[in-house]
Amino acid sequence: MERSIVVSPLPKFIPARKLINFFQQYGAIKWYQFRQNYLTVEFYDRTSTEILLNKPIWINNVKLNIQKRKPHINLKRSKSEKKNNIMENRGSISYDNIKYIFDEGTTFDNQLIMFLNAIQLNDIEIETKYESVCTQLDEIFKVIFPKCKTYRFGSSQTGLGFKECDLDIYMDIGEPINESKNTSTDSWTMNKIFKSVKKIMYRMNDVFSNIIGIPKAKTPIIKFYYNRTNVSCDISFKNILGIYKSYLIKYCLSLDNRLKPLMMIIKYWARHFKISNGQKISNYALVLLIIFYLQQPSVNIIPPLMVLQNTCQPQIINGWQANFDENTVLPPITNKNSVPQLLHGFFFFYATFEYKSQVICPIDGMIHTESEFKEIENLPLCMNRYKTYIKEDDNLKFIVNKPMCVQDPIELSHNVTANTKFSTLNSLVKYCAIGAEICAMTSKNDYRNLIKTLFTTVIKKKSNLKFNITISANQFQCKTNNIKTCIDIEKKKFSRKDWYSNVFNIVKDTFEKVFKLQLEIFPVETGTKQQKIDILSDIHIEELQNIIFHCTGSHCVWRNRRINNIILDPSLSCLQKEAFISEQVIENFNKEKGTNRINLDFICIFKKKNPLKIILTLNNKNCDDHIFQEFACFARDKLVEIIKQTLIHIQQFNKC
C-alpha cells in the first residue's frame with residue numbers, strides 16, 4: 001500500500017495512455033488499474049509515491065486529486081464493472097502499456113528512444129534495486145560464509161534487462177564445495193548450503209519471501225523474492241561461468257552503439273510473441289543468435305570469441321577458458337547499416353537458415369555440421385578444449401539430435417537450445433519471415449511504423465474446429481462426433497427440386513438476414529475453376545451437388561437476444577421474425593453504446609445427399625475458436641427451427 005496512489009476523480013479529456021505516461025516520469029510503474037472513476041497506480045519505489053503525495057500535481061492545467069491507497073479501495077468488482085471493458089494490466093512493460101508511444105506519428109528514432117526508456121532498466125534502478133541486493137546479501141550470509149562474495153550476472157549485468165526482470169545471482173561462499181557423497185560433516189555440500197541458506201531466509205521473513213529451492217536442476221538454485229527492493233531473485237552457488245558469459249555479452253554491446261537497441265527490440269519481440277523464456281528459447285540463447293548473425297562476413301560487427309581469446313593467458317574454470325582480452329585490437333567497423341536495416345538482416349537470416357543438421361557456433365562465427373560434432377577430429381582448432389573435455393567423459397558430448405543447435409561460446413559442450421521444441425522453432429522462423437516483410441514494407445516510409453507493425457502482426461493459428469448440421473426430410477439422424485439435426489417434412493409436399501431449392505434459399509436468407517453475414521457463393525464441381533456467383537438460380541441448385549459459402553460478419557446477434565413489449569405480426573414467417581429480432585439486438589447495443597462487434601470468418605459447405613438430405617459443414621477459417629463455437633451452437637438450433645417453420649409457412653400460404 002505504501003507504494004500505491006489513487007487518483008479520483010479521473011480528469012476529463014485526458015486519454016488513459018497519457019495519464020500513465022505522465023506518472024511514469026515519477027518512477028517505474030509496477031502495476032496500474034483503471035476503474036469507473038478512479039485510477040490506482042503502484043510504483044516499484046516508495047519515493048515516487050512520497051513525491052506525488054507531498055506536493056500539488058497538475059496536468060493540462062488540471063490539479064489531480066491524489067491520495068494514498070487504502071485497503072478499502074481494493075473492493076470486488078461490481079457487476080456493471082465486469083460488464084464493461086475495464087483497462088487493467090499488471091505488466092508494466094506489456095505492449096498494451098507502451099503502445100501509446102507508437103501512436104504519436106514521430107520518426108523511428110524518436111519512437112526507439114521512447115520505447116527503450118519505457119522498457120529497459122536505467123542505471124539508477126540497477127544500482128538501487130539490483131546491485132544493492134548483492135551488497136546486502138553479503139552482509140546477511142557472512143554469519144555462515146565469512147568469506148562470501150555475491151555477483152550479479154544475466155540481463156541486469158549485461159545491460160539488456162527489462163524493468164521487471166529477475167535478478168540472477170552467483171554467490172561464491174569462499175570455501176570449497178564438495179559434491180562427493182562421502183564427505184565429512186565439516187565440508188560444504190550443495191545440500192548443506194541449501195539448508196543453511198534457506199534457514200536464514202525463513203527466519204528473516206521480513207526480507208525474504210516466496211522461497212523455493214530447486215536443488216536437482218542442472219544448475220541448482222534458490223528462488224526468492226527480496227522484499228526490500230521488490231525484486232525476484234535466483235541465487236546459485238556453482239554457476240560461476242554465468243558471470244563470464246555476461247561479461248562477454250556486455251563487451252560485445254560496447255563495440256557499437258547500435259547493438260543494444262537492436263538486441264532490446266529483438267528480446268522484446270521474442271518475449272511479446274512467446275518465443276523466448278520458459279521451455280522455449282532462453283534469453284541467453286537469443287542473444288547468442290543475434291551475436292552470431294552480427295559475426296557473419298556480410299555484417300562483420302562482432303568478432304568471433306576465439307579472436308578475443310587468442311591474445312590472453314587462459315583462465316580455466318570447470319575445464320573451459322572463461323576469459324578473453326577486452327583490449328584486443330580489432331579492425332574498424334565498416335558496416336554502416338541502421339538499426340532497422342540490421343533488424344531486417346537478422347529476421348531474413350533466421351527465416352531462411354537451414355537448421356537441420358547444422359550447429360551455430362559463435363566461438364568461431366561459423367556454421368558446423370552435426371557430422372563434425374560426431375567425428376570430433378573434424379572440428380577446428382578453436383574447439384581443441386572441447387575435444388579434450390569429452391575424451392575424459394564421452395557422456396558430456398554436445399547434443400546434436402535436436403531441432404535447433406546453438407553452441408555456448410565458453411562452455412563448448414553445451415547446446416543452449418537443447419530444450420527448444422519444433423513448435424518453438426517453427427514460430428521463430430514464421431515470425432522472422434513476417435518481421436523481414438515488415439522491415440521491407442516500412443522502409444518505404446523511413447521505418448515510421450516499423451515497431452508498431454512488428455508488435456501487432458500476429459500469426460493466427462489455423463483452427464480445426466468443424467461443425468456438421470444435417471437437415472433431412474425423412475428422419476432424425478445423430479452421430480456422436482457431429483452436431484446432427486432433422487426436420488420431419490413429408491416428401492410428397494415438395495418435389496425433389498423444390499425441396500433442395502427451398503432449403504438452400506432459406507439457409508442463404510438466414511445467414512444474411514438473421515445472422516447478419518456477408519456471403520460469397522462458389523459452386524464446387526470437379527475439374528472446374530471456382531468462380532464467385534452473385535445469384536444462384538433453381539437450375540444451378542438442381543445441377544450442383546456442393547456449394548460453398550464464404551461467410552464473414554462482425555455482429556454478435558446471439559447474445560441478449562430478446563425483445564420487450566413488441567408484438568409481431570403473426571403472418572410473418574419464422575425467418576422474418578428472427579431477422580427483425582436481429583435488427584433489434586444490433587439497435588439495442590448501439591443505443592447502450594456497448595459492443596457486440598466480433599470477427600466471424602468461416603466456410604460453409606452445402607452438400608446434397610440422397611434421399612432428400614443436406615449436410616452443412618461449418619469450418620473455422622479465421623476467427624476466434626470460442627466465438628466460432630458459440631456461433632455454431634446458435635446456428636445449429638436457430639437454423640433448424642427456421643427451416644422447419646419456414647417450410648411449413650410456405651405450404652400454408654402456397655408460396656412454393
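Helix H11 gives three residues to the lining of the largest cavity, the largest share of any contributor. Keep in mind as you look around that this is a predicted model. The elements that supply two or more lining residues are H11 (283-295), helix H9 (241-254) and helix H12 (305-309).

If you would like to find the spot on your screen, select Leu248, Cys252, Leu288, Ile291, Gln295, Pro303, Pro304, Leu305, Leu308, Pro362 and Pro409, which together line the largest cavity. Sorted by class, this lining has ten nonpolar residues, one polar residue and no charged ones. The volume enclosed there is about 60 Å³, and a search of the whole structure turns up two cavities of 30 Å³ or more.

One lining residue, Cys252, leads us to the cysteines. With a relative accessible area of 4%, cysteine 252 falls under the 20% cut-off, so it counts as buried. Cysteine 633 has a relative accessibility of 29% and is therefore partly exposed, because this value lies between 20% and 50%. As for disulfides, the search of the whole structure finds zero.

Another lining residue, Pro362, takes us to a hairpin. Here strand E15 (residues 358-361) pairs with strand E16 (residues 366-369) in the antiparallel sense, over four bridges. Where does valine 359 find its bridge partner in E16? The partner is histidine 368. Four residues separate the two strands of the hairpin, and in the turn you can pick out glycine 365, whose phi is positive at about 70 degrees.

Key:
Residues numbered from 1 in each chain as written. Predicted model: local features only at pLDDT ≥ 70, side-chain atom pairs only at ≥ 80, totals over all residues. Heavy atoms only, no water. 1 Å grid on protein atoms, 1.4 Å probe; cavity = no way out; pocket = protein on both sides within 12 Å on 5 of 7 lines; lining within 4 Å. Points joined across faces, edges and corners; volume = space filled by probe spheres on them. Nonpolar A, V, L, I, M, F, W, Y, C, P; charged D, E, K, R; others polar. Pairing = 2+ DSSP bridges. Disulfide = S-S within 2.5 Å. Buried < 20%, exposed > 50% of the residue type's maximum accessible area, 1.4 Å probe, protein only.
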